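Please look over the sequence and the model below. A short report on the sheets, pockets and backbone details follows.

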Amino acid sequence: MPSSSSQVLANAIRFLAIDAVEKSKSGHPGAPMGMADIAEVLWRKHLKHNPIEPTWFDRDRFVLSNGHGSMLLYSLLHLTGYQVSIEDIKNFRQLHSITPGHPEVGMTPGVETTTGPLGQGLANAVGMALAEKILAKRFNRPGHEVVDHRTWVFMGDGCLMEGISHEACSLAGVWGLNKLIGFYDDNGISIDGHVEGWFKDDTAMRFKSYGWNVIGPIDGHDAAQIDLAIIEAKKQTAKPTLIICKTTIGWGSPNMAGTHDVHGAPLGEKETKATREALGWVHPPFEIPAEIRERWSAVQSGFAAQTKWNREFSAYAKNFPQLAGEFLRVMQEDLPTDWNKAKEDLYKAAGNIEAATATRKSSQQALDILVERVPELIGGSADLTGSNLTAGKTSKAWHAFKDEDINYISYGVREFGMSAIMNGIALHKGLIPYGGTFAVFSDYARNGIRMSALMNQRVVYVLTHDSIGLGEDGPTHQPIEHVASLRLISNLDVWRPCDSYETAVAWTHSIERKNGPSALFLSRQNLPQYSASRVSAQDIMKGGYILSDCDGVLDAVIIATGSEVSLAMQAQEKLAALGKKVRVVSMPCTSVFDRQSLEWQQQVLPIGIKRIAIEAGHPDFWRKYVGLEGGVVGINRFGESAPAPQVYEYLGITSDHVVSLA
């Protein structure tokens, strides 16, 4: 098989992937072998990046959405000069290596996002391109384009089969994300074999209907065609571009190319040898000749690109010092200089609310202040703005992406797409995304929420209509297991505040938290105000605290969250009339409470005192706090369609039930 100069360079990718998968005895060689030619042209001729400074702001973002082909990316990082050594390549898929089975952000220099579940990398890329467009409008000035980079994404058949691809790509077309360029690896193979039996979409027409610019199909192994397609895509000023590349999975393998056998398993010793012979690759495993390494290195070009941008930013700073200072602040993820004053104003406003208020409304009242004082907040909702109340007074939305600075996004009915796009926005840096839907629909967004937590991203999920308290919409809309199940996601802080003051604290804690996401479970029904007159914001910040206590030896401790705190307070009063001494603990965020000192935890929940928990949700979660000898008032069945008070009474979520347990 004759090889062009470009193919020789692409073969370096192929054999690093083949050898790494062979050594680890697991992995996916087919995609790296099939997409190597596309990657060679993109990374050597068009990608703006600096291997010495992988997080340089104005770099292009590259996302491998079909992340099972991770050796493609690791090979590229190694060859171009990132801190990914040949030993790292040899340790592919091994414990504590920086070359895990799927790319993971924060682990490997140059990896922009964690791409495990197919389709989410594509949606992340949409979020990154959206962030670039918003920040460019916000900070660029004539003659000074300090925000000017592209987002490139590789995707396979699996990414396009996943429904999230429709949600995200439809929005990308609406928003006109012209700096988003995708490459579709159209090889016709997935794990089960030839996809024609289960995937016959007209992909070109599909993306044209979204409002994308579509190029191809082109030969994904012809460097000249690939280069021309990229040049054409970069000229586009109004639409995202999809380049459809016809490829052969496992290209170069004499006996396995074009079959599903090469998708997710090593080639084996015999076929690896045959592939070396077929491609004329005479070098031993993991050996890359010096002349090939030299041609791959992007160290000098990357340094030059960043140096040029640094000069441009210096000129920008001289002309627009205030804007430059604000730009540096948000990129460093620092909150505004008056953040503490903004918190004080927020707490004061929340503390002055006396009327019973739904916590979804309390959240909107908080956003009235936060959106104005924290300009990097970018809100949104999955077509439920009027119900989630996610727009503050100064929120500025657009429905078709217009040439204006905005801070609110209408995602449409796309919960999953919204979550993954918000992850992309957060990963890009410079903005803090939050988005709303009904709590019960967190099921649709759940894997995106999990990825926020896995990637340690500051994303805020506003999940309203948090219980049977939404009433008449009935079981399909009444979350029972949701708050408990989301609490089981590692690194996700789930807040279920009981009133306006706790809601304000939940918001400030979520904004200050830089190493993970938060979910705010908020009520539809009005709730009385308790916490502001009894405790400090610092106590609420600890996730669980004593809301109402009594003198003397305690008979019981009642733990409650959200709308059930009022029931706990009523039960305390009824039990006091019976001569029982009862403490009420509000625990708006169990994970935050679990991170407190043992001293604080035992101060709030003293050892040896009977505990009762009440929450309008699945009861099993609370056993970790009350023990087998304690009591839990909860719901282990689906709800009913009726006015909220009737549903609470029918399902036994009442203060009298608490009293009977105590």
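What is the volume of the second largest pocket? The answer is about 350 Å³. The model in which this pocket is found is a predicted one.

## The pockets

The second largest pocket, with its volume of about 350 Å³, is lined by 20 residues. Closest to its centre are K133, A136, K137, N140 and K179. Sorted by class, the lining of the second largest pocket contains ten charged residues, six nonpolar residues and four polar residues.

The largest pocket has a volume of about 600 Å³. Its lining is made up of 31 residues, and those nearest the centre are P54, T55, R59, L427 and K429. Three helices give two or more residues to this lining: helix 12 (299–319), helix 13 (321–331) and helix 17 (415–428). In the lining of the largest pocket, 13 residues are nonpolar, eleven are polar and seven are charged.

## The five-stranded sheet

One open sheet is formed by five strands, and their order across the sheet is 1-2-3-7-6. The pairing in this sheet is parallel. At its edges lie strand 1 (61–64) and strand 6 (213–219), each of which pairs on one side only. From one strand to the next, the twist averages 15 degrees.

Within this sheet, strand 2 (residues 151–156) and strand 3 (residues 180–186) run parallel and are joined by six bridges. Which residue of strand 3 is the bridge partner of W152? The partner is I181. Helix 9 (residues 223–234) lies across strand 2, strand 3, strand 6 and strand 7 (241–246). Relative to strand 6, helix 9 runs at about 175 degrees.

## The seven-stranded sheet

Another open sheet has seven strands, arranged in the order 9-10-8-11-12-14-13, and its pairing is parallel. Strand 9 (397–398) and strand 13 (493–495) are the edge strands, and each pairs on one side only.

Strand 8 (residues 377–381) pairs with strand 11 (residues 432–438) in the parallel sense, over three bridges. Opposite I378 stands P433, a residue of strand 11. As a general point, the strands of a sheet pair through backbone hydrogen bonds, and the pairing can be parallel or antiparallel.

## Backbone details

Where is the cis peptide bond? It joins G216 and P217, and its omega is about 15 degrees. P217 has its place in strand 6, which is an edge strand of the five-stranded sheet.

Two residues with positive phi can be added. F286 is not a glycine, yet its phi is positive, at about 70 degrees. This residue sits in the loop between helix 10 (269–279) and helix 11 (290–296). Is F286 buried or exposed? F286 counts as buried because its relative accessibility is 13%, and the cut-off for buried is under 20%.

N491 also has a positive phi, near 75 degrees, and is a residue other than glycine. The loop that holds N491 runs between helix 19 (482–487) and strand 13, and strand 13 is an edge strand of the seven-stranded sheet. With a relative accessible area of 26%, N491 is partly exposed.

Technical notes: Residues numbered from 1 in each chain as written. Predicted model: local features only at pLDDT ≥ 70, side-chain atom pairs only at ≥ 80, totals over all residues. Heavy atoms only, no water. Pairing = 2+ DSSP bridges. Helix = DSSP H or I, 4+ residues; strand = E, 2+ residues; numbered from the N terminus. Axes fitted to C-alpha atoms, helices over the stretch in contact; angles between N-to-C directions. Contact = heavy atoms within 4.5 Å. 1 Å grid on protein atoms, 1.4 Å probe; cavity = no way out; pocket = protein on both sides within 12 Å on 5 of 7 lines; lining within 4 Å. Points joined across faces, edges and corners; volume = space filled by probe spheres on them. Nonpolar A, V, L, I, M, F, W, Y, C, P; charged D, E, K, R; others polar. Buried < 20%, exposed > 50% of the residue type's maximum accessible area, 1.4 Å probe, protein only.
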